[in-house]
Amino acid sequence: MANEYSTTNRLETKIQRIISQVILHKIKDKRLQRISIDEIRLSRDLSFAKIFCSTLDTDEPFETLEKLLAKASGFFKTEISKSLSIKKVPNLLFIIDNHEEYANKINLLIDKVVKDDKNSK
C-alpha cells in the first residue's frame, strides 16, 4: 500500500513540473503565463488528475482561465506523454484556486472588527 502512494506522489510531482515548464516556455497565451500550478491530485487508478492552480492576474475571470486551460489540456497531455513513460496519460481537470484571495478578504474583515472594537473602548 505504501508503494502505491509513493508512486502516485512521484507521478503527481513529475506532472506538476512538466505542466509548469510547459506554461512557462511553450504556452504563447499571455493570460495563461501568469498561472502557477499549486497541487495535483491523481485518482487511485491514475486516469484522472485534478490540477489546482492560482493566478497572479486578478483581471481575468477564473471561469475564463479554467476554459483556456481546459482547451489547452490536449497540449499538456501530449507534453506529459513525451516526458513520461506511462501507459495512459490522465485526463486533466484544471481548478483555479482562489483561497488566497478569500484569505485576504477574511483578514481585512478581522482587522476591521479589531479596529472597531478598539475604537468603541
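This briefing walks through the strands, helices, surface and salt bridges of the structure above. The model is a predicted one, so keep that in mind as you explore. At its heart for our tour is an open sheet of three strands, in the order β1-β2-β3, with mixed pairing. The structure also holds four salt bridges, and a nonpolar patch on the surface has about 470 Å² of accessible area together.

**The sheet**

- Start at the edges: β1 (35-42) and β3 (91-96) each pair on one side only.
- Neighbouring strands of the sheet are turned by 25 degrees against each other on average, ignoring direction.
- As a reminder, strands of a sheet pair through backbone hydrogen bonds, and they can do this in a parallel or an antiparallel way.
- Both ways appear here: β1 and β2 pair in the antiparallel sense over seven bridges, while β2 (residues 48-55) and β3 pair in the parallel sense over six bridges.
- To find the first pairing on screen, look for isoleucine 40, which stands opposite isoleucine 51 in β2.
- For the second pairing, look for lysine 50, which stands opposite leucine 93 in β3.
- Strand β2 is mostly covered, with six of its eight residues buried.
- Helix α2 (residues 62-71) lies across β1, β2 and β3, and runs at about 160 degrees to β3.

**The hairpin loop**

- β1 and β2 form a hairpin with five residues between the strands.
- Leucine 46 lies in this loop between β1 and β2.
- Most residues other than glycine have a negative phi.
- Leucine 46 takes a positive phi near 65 degrees, although the residue is not glycine.
- With a relative accessible area of 27%, leucine 46 is partly exposed, because that value falls between the 20% limit for buried and the 50% limit for exposed.

**A nonpolar patch on the surface**

- Tyr102, Ile106, Leu109, Ile110 and Val114 make up the nonpolar surface patch.
- One of these residues, isoleucine 106, has its place in helix α4 (residues 99-120).
- Isoleucine 106 has a relative accessibility of 32%, so it counts as partly exposed.

**Salt bridges**

- Arginine 31 forms a salt bridge with aspartate 29, and their closest N and O atoms are 3.1 Å apart.
- Both partners are partly exposed: arginine 31 has a relative accessible area of 32%, and aspartate 29 has a relative accessibility of 23%.
- Glutamate 39 and arginine 41 meet through their side chains in another salt bridge, at 3.0 Å from N to O.
- Here too the partners are partly exposed, with relative accessible areas of 34% for glutamate 39 and 44% for arginine 41.
- Lysine 82 forms a salt bridge with glutamate 79, where the closest N and O atoms are 3.6 Å apart.
- Lysine 82 and glutamate 79 are three residues apart in helix α3 (residues 73-83), so about one helical turn separates them.
- Is each partner of that pair buried or exposed? Lysine 82 counts as exposed because its relative accessibility is 60%, whereas glutamate 79, at 8%, counts as buried.
- The pair also belongs to a network of salt bridges that links Lys26, Glu79 and Lys82.

Terms used. Residues numbered from 1 in each chain as written. Predicted model: local features only at pLDDT ≥ 70, side-chain atom pairs only at ≥ 80, totals over all residues. Heavy atoms only, no water. Pairing = 2+ DSSP bridges. Helix = DSSP H or I, 4+ residues; strand = E, 2+ residues; numbered from the N terminus. Axes fitted to C-alpha atoms, helices over the stretch in contact; angles between N-to-C directions. Contact = heavy atoms within 4.5 Å. Patch = residues over 30% accessible without salt bridge, like charges linked within 9 Å, V, L, I, M, F, W, Y side chains within 5 Å. Areas by Shrake-Rupley, 256 points an atom, 1.4 Å probe, with all protein chains shown as cover. Buried < 20%, exposed > 50% of the residue type's maximum accessible area, 1.4 Å probe, protein only.
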